[in-house]
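Reader: I should like to learn how to read the features of a structural model in an orderly way. May we begin with a single residue and then widen the view?

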Amino acid sequence: MNILFVCTGNTCRSPMAEGITRALAAEQHKDVTTVSAGLFAAYGAKPTEQAVVAVRSIADISDHESRPLTMELVNAADLIIGMTKDHKSVLLRQFPFEEGKIKTISEWGGQDGDVTDPYGADQIIYNQCAEQIYHLVEEGLKTAPQKA
């Protein structure tokens, strides 16, 4: 299963989700890969320092480089996960033929609501965002293939 996480700039939420998923899947699941992209991202931006710190105990995302959403990433994904309902809406408008594999991270994790953008906020907000993402990913991975 190839999971594509999508946020706005690909410098905080989606890289955190990518790193958290990679770390959790390494222990419990086979055939789960993950990548992230941004709806309005440029190539090569580093994640925010607050995002790196927020997930440091789980995953090292310091080498992440932002990337824009491309058709190649969409085609390669088995599941496309936006951080908000607005991300999902944009994804559905741009890729209506992929409707069956587009969800919000909250839907995937069995909840409702959005993961609010922490960009520009203090470390406490980033930590709360990372914790929310962690719990949603943990629940979402329950539907992923298990290691034999």
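**Reading the model, from one residue to the whole chain**

Author: Ile105 is found in helix H5, which covers residues 105-108. Please keep in mind throughout that the model is predicted.

Reader: Is Ile105 buried or exposed?

Author: The general idea is a cut-off: a residue counts as buried when its relative accessible area is under 20%. Ile105 has a relative accessible area of 0%, so it is buried.

Reader: Which residues does Ile105 touch, leaving out those up to four places away in sequence?

Author: For contacts, the criterion is heavy atoms within 4.5 Å. By that criterion Ile105 touches Phe5, Ala17, Ile81, Gly82, Met83, Val115, Ile133, Leu136 and Val137. For one of these partners, Leu136, a distance is also available: Ile105 and Leu136 are 31 residues apart in sequence, and their C-alpha atoms are 6.6 Å apart.

Reader: How should I read Arg13, and where does it lie?

Author: Place, accessibility and contacts may be taken in turn. Arg13 lies in helix H1, residues 13-28. With 3% relative accessibility, Arg13 counts as buried, because buried means under 20%. Its contacts, apart from residues up to four places away in sequence, include Cys7, Thr8, His87, Asp117 and Cys129. Met83, Val115 and Ile133 are also among the residues that Arg13 touches, and these three appear in the contact list of Ile105 as well.

Reader: Where is Cys12 placed, and which residues does it touch beyond four places in sequence?

Author: Cys12 is in the loop between S1 and H1. A loop position does not by itself settle the question of exposure, and the accessibility must be read separately. Cys12 has a relative accessible area of 4% and is buried. Beyond four places in sequence, Cys12 touches Thr48, Ala51, Asp117, Pro118, Tyr119 and Tyr126. Asp117 and Pro118 are likewise touched by Arg13. As for a distance from Cys12, its C-alpha atom is 20 Å from that of Val74, with the two positions 62 residues apart in sequence numbering.

Reader: What is noteworthy about the backbone of Asn10?

Author: Here one reads the sign of the phi angle together with the residue type. Asn10 has a positive phi of about 60 degrees, although it is not a glycine. Asn10 is placed in the loop between strand S1 (2-7) and H1. With 0% relative accessibility, Asn10 counts as buried.

Reader: How accessible is Thr33, and to which element does it belong?

Author: Between the limits for buried and exposed, 20% and 50%, a residue is called partly exposed. Thr33 has 43% relative accessibility and therefore counts as partly exposed. Thr33 is found in strand S2, residues 33-38. Not counting residues up to four places away in sequence, Thr33 touches Met1, Asn2 and Ile3. The C-alpha atoms of Thr33 and Thr8 are separated by 21 Å, the two residues being 25 apart along the chain.

Reader: What can be read at Ala144, in the segment after helix H6?

Author: Sequence distance and spatial distance should be read side by side. Ala144 is in the segment that follows helix H6 (123-140). Ala144 and Met1 are 143 residues apart in sequence, and 7.4 Å apart in space from C-alpha to C-alpha. Apart from neighbours within four places in sequence, Ala144 is in contact with Met1, His29 and Val32. At 7% relative accessibility, Ala144 counts as buried.

Reader: Which pattern do the elements of the chain follow?

Author: The elements are read in order along the sequence. The protein chain has six helices and four strands, in the pattern β-α-β-α-α-β-α-β-α-α. The radius of gyration is 14 Å, close to the 15 Å that the globule rule gives for 148 residues, so the chain is as compact as a globular protein of that length. Its C-alpha atoms fill a box of roughly 40 × 35 × 30 Å along the principal axes.

Reader: How much of the chain is buried, and how much of the contact set is long in sequence range?

Author: Of the 148 residues, 51% count as buried. Among contacts with a separation of 6 or more, 73% come from residues 24 or more positions apart. The accessible surface comes to about 7200 Å², and 49% of that surface belongs to carbon and sulfur atoms.

Reader: What does the UniProt record list for residues 1-143?

Author: In an unreviewed entry, UniProt lists residues 1-143 as "domain: Phosphotyrosine protein phosphatase I". Over this range the chain is 43% helix and 13% strand, and the end C-alpha atoms are 10 Å apart.

Note on methods: Residues are numbered from 1 along each chain as its sequence is written. This is a predicted model: local features need pLDDT of at least 70, side-chain atom pairs count only at pLDDT 80 or more; totals for chains, interfaces and linings use all residues. Side-chain values use heavy atoms; hydrogens and water are left out. Helices (H or I, at least four residues) and strands (E, at least two) are DSSP runs, numbered from the N terminus. The radius of gyration is taken over C-alpha atoms; the globule rule is 2.2 Å times the number of residues to the power 0.38. Buried means under 20% relative accessible area, exposed over 50%, partly exposed in between (1.4 Å probe, protein chains only). Accessible areas come from the Shrake-Rupley method with a 1.4 Å probe; for residues, only the protein chains shown count as cover. UniProt positions are given in the numbering used here, feature names are shortened, and annotations may be inferred rather than shown by experiment.
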